[in-house]
Amino acid sequence: MKKKSASQSAFFKLRLLLGVLLCFAGITIVLLAQPRTPPAQSGNSHPIVQAEFRGVLPVVKFDISPPLRDMKPLPAKECTLRENEDRDILAHLAPLGPVVPDPVVQRVLGKIGIPAPIISFDGNSNLCGCVPPDPNGAVGPNNVVTMSNLHFQIFDKSGNSLFGPAANNTLWSGFGGPCQTENAGDPVVLYDQLADRWLLSQFTSAGPNYFECVAVSQTSDPTGTFFRYAISTGTNFPDYPKAGMWPDAYYFSTREFDPIGNFAGAGAYALDRPQVLAGNPNPTIVAFLAPPTPLYVVGDGLLPSDLDGQTLPPTGSPNFFVGSQDDNASYGAPSDALNLWKFHYDPSQPQNSSFTLTNTLPTQPFNSIMSSTCTSTRSCIPQPGTTTLIDHLGYRQRPLFRLAYRNFGDHESLVTNQSVNAGAGPNGTVSGVRWWELRSPDNNPVIFQEGTYAPGLTDGIHRWMGSIAMNSLGDIALGFSASNDTNPSVFPSVFYTARHDGDPPGVMTLGEGSIINGTGSQTTAFHRWGDYTAIDIDPTDDTTFWYINEYVPTTSSIGWRLRIGAFNLAGATPSPTPTASPTPTATATATATATATATPTPRPTPTPRVAPTPRPRPTPAPRP
């Protein structure tokens, strides 16, 4: 065979090289042309999750109510247990992970004295024998509206009752269907400060078709007429519904269970707000279902963001939904984190709407399970004079109402909280409240600051079931339940704490106040306490906080009562030592009557405390 010349060999190699390059180029063009899954966001431990689009739903029923003030308050039927409420997820349970010490725990009260309540008064008592009450409410320019299982009541801001207490389904008297005939609870109250309107809602639970019953006031008067809607979730039971106001829609979240009781996922709904405010009988409703695969990305529920203040979110901003995941809990989470979902509602092309898990934000380690004896039960928090332990809520993998949003112009903030195991205190494991502030939720979400409020590590008092909000000054206030059985003995009470904008990050610096010191324990065998509470901002000054929770006036099996209080942080002044824990001594409370009497609550009596040793804390920085 004839040998190739050097020039022929070089030419051959050049052709081979060009062929290889053309081949790679062709492959690259093909790959770029293929549809791709969006990459995970920075810090994500799993891919982006797109929820299932369930369509544009019709309103099943609509009408306009008579003036509420002219309607007869209905009594609620007697009950002893909320059997259909807050169901357990029985499948997909994983072994509990390791308990890791909480690195952001606050062990003592802040050093600055917190102002006493401006006002504190009783709401409705347990008129029908139901537990839990699920205390909820909102404040407007002239009124405070409260709801519980299974009653609602309207007050002026001096604590005088203007309507009720009445069964919640009084709102749907004459409406027809399950919204009128059932009174199933899980209530939510929103005050829409942009429109000066009220939204009240509860679900139905009898089936086989289920509804969220929504009433929106026609004017600013909550005793006037309401636009009433029945929104169906089909054959899925819409457990634990929560709501938030956004300029384009009222957003709802649910925990949905199929007809045979299997957990189907987290529901997300957008109810077109401008159409509802105009009284449109068939407003657009867009629905999604976020699958529980993996289970920890939806957990035991998501919270929609609820706008505070008059400054709108940036144009085109989605509504934000947030859930929590804990690697110490039973849903198989790989890490401790907050899951950020975005609901883009497109009013012009509703089918183009989307509901997507976009970010998993790693948190500092926390442990939501209260203790080894309280892993999947509600028997957790001790009370004086009884062996009955009440619900801590921690084994539920979810943040607690509300997810409060505020736009400060130079930044956007979201705040929420969750009951957690804070560690070992004087008498054993102590409950605390982990709270978070998220910033830049749409573009570059970060956990700006977080802390676990747990002075019980020093004083032995359990603090749990919180609600948190931020006022126009950037001050953050946290309301919560508190109880302890010994040393000191504290009946279930309603306390609060706060911090000023610019204070050391992750710390509630303003000590602790009391809306009401409880005077009894709950002895029901069901161990239920409330499932959520509500702290709101007064729209008249955008700085005063109003808080709605529960306490027990007299030890009994079903003796809870709502308590409403307001406080402002303007008078907070430095003090040389930390503020004392609220005294467990009984304080006078209003007599249990249908009309609550406003009674200002005195500041808690100080008791000696040891000043804390200052502990360095990291400066917040954007997380990856």
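A search of the whole predicted model finds 28 aromatic pairs. Ring pairs also link seven side chains, Phe53, Tyr251, Phe288, Phe321, Trp341, Phe343 and Phe355, into a cluster. The structure further holds 22 salt bridges and two disulfides.

**Aromatic pairs**

- In the pair Phe53 and Phe288, the ring centres are 5.3 Å apart and the planes stand at 55°, so the pair is tilted.
- This pair links distant parts of the chain, with Phe53 in strand β2 (residues 52-57) and Phe288 in strand β18 (residues 285-290), 235 residues apart.
- The two rings differ in exposure: Phe53 is partly exposed at 34% relative accessibility, whereas Phe288 is buried at 1%.
- Tyr191 and Trp198 form a tilted pair as well, because their planes meet at 55°, and their ring centres lie 4.9 Å apart.
- Tyr191 has a relative accessibility of 9% and counts as buried; Trp198, at 2%, is also buried.

**Charges over rings**

- The charged end of Arg439 sits over the ring of Phe448, at 3.5 Å from the ring centre.
- Lys61 lies over the face of Phe175, with 5.6 Å to the centre of that ring.

**Salt bridges**

- Side chains of opposite charge can pair when their charged atoms come close.
- Arg434 forms a salt bridge with Asp102, and the closest N and O atoms are 3.0 Å apart.
- Arg434 belongs to strand β27 (residues 428-439) and Asp102 to the loop between β3 (61-64) and β4 (105-106), so this salt bridge ties together parts that are 332 residues apart in sequence.
- Arg434 is buried, with a relative accessible area of 0%, and Asp102 also counts as buried, at 12%.
- Asp192 and Arg273 meet through their side chains in a salt bridge with an N to O distance of 2.7 Å.
- Asp192 lies in strand β11 (residues 188-192) and Arg273 in helix α3 (residues 273-277), so the pair joins parts that are 81 residues apart in sequence.
- Both partners, Asp192 and Arg273, are buried.
- Lys342 and Asp442 form a salt bridge at 3.2 Å, N to O.
- Lys342 is in strand β21 (residues 337-344) and Asp442 is in the loop between β27 and β28 (446-453), so the contact ties together parts 100 residues apart in sequence.
- Lys342 is buried, at 10% relative accessible area, while Asp442 is partly exposed, at 24%.
- Asp239, Arg255, Asp300 and Arg396 are linked in a network of salt bridges.

**Disulfides**

- A disulfide is a covalent bond between the sulfur atoms of two cysteines.
- Cys179 and Cys213 form a disulfide, and their sulfur atoms are 2.1 Å apart.
- The torsion about the S-S bond of Cys179 and Cys213 is about -90°, so this disulfide is left-handed.
- The bond links distant parts of the chain: Cys179 is in helix α2 (residues 178-181) and Cys213 in strand β13 (residues 210-217), 34 residues apart.
- Both Cys179 and Cys213 are buried.
- Another disulfide joins Cys374 to Cys380, with an S to S distance of 1.6 Å.
- Cys374 and Cys380 are both buried.

**An open sheet**

- Four strands form an open sheet with antiparallel pairing, in the order β6-β35-β34-β33.
- Its edge strands are β6 (119-125) and β33 (534-537), each of which pairs on one side only.
- Neighbouring strands of this sheet are turned by 20° against each other on average, direction ignored.
- Strands β6 and β35 (residues 561-567) run antiparallel and are joined by five bridges.
- Asp122 stands opposite Arg563 in β35.

Conventions
Residues numbered from 1 in each chain as written. Predicted model: local features only at pLDDT ≥ 70, side-chain atom pairs only at ≥ 80, totals over all residues. Heavy atoms only, no water. Salt bridge = Lys/Arg side-chain N within 4 Å of Asp/Glu carboxyl O. Helix = DSSP H or I, 4+ residues; strand = E, 2+ residues; numbered from the N terminus. Buried < 20%, exposed > 50% of the residue type's maximum accessible area, 1.4 Å probe, protein only. Phe/Tyr/Trp six-rings, centres within 6.5 Å; stacked < 30°, edge-to-face > 60°. Lys NZ or Arg CZ within 6 Å of the ring centre and 35° of its normal. Pairing = 2+ DSSP bridges. Axes fitted to C-alpha atoms, helices over the stretch in contact; angles between N-to-C directions. Disulfide = S-S within 2.5 Å.
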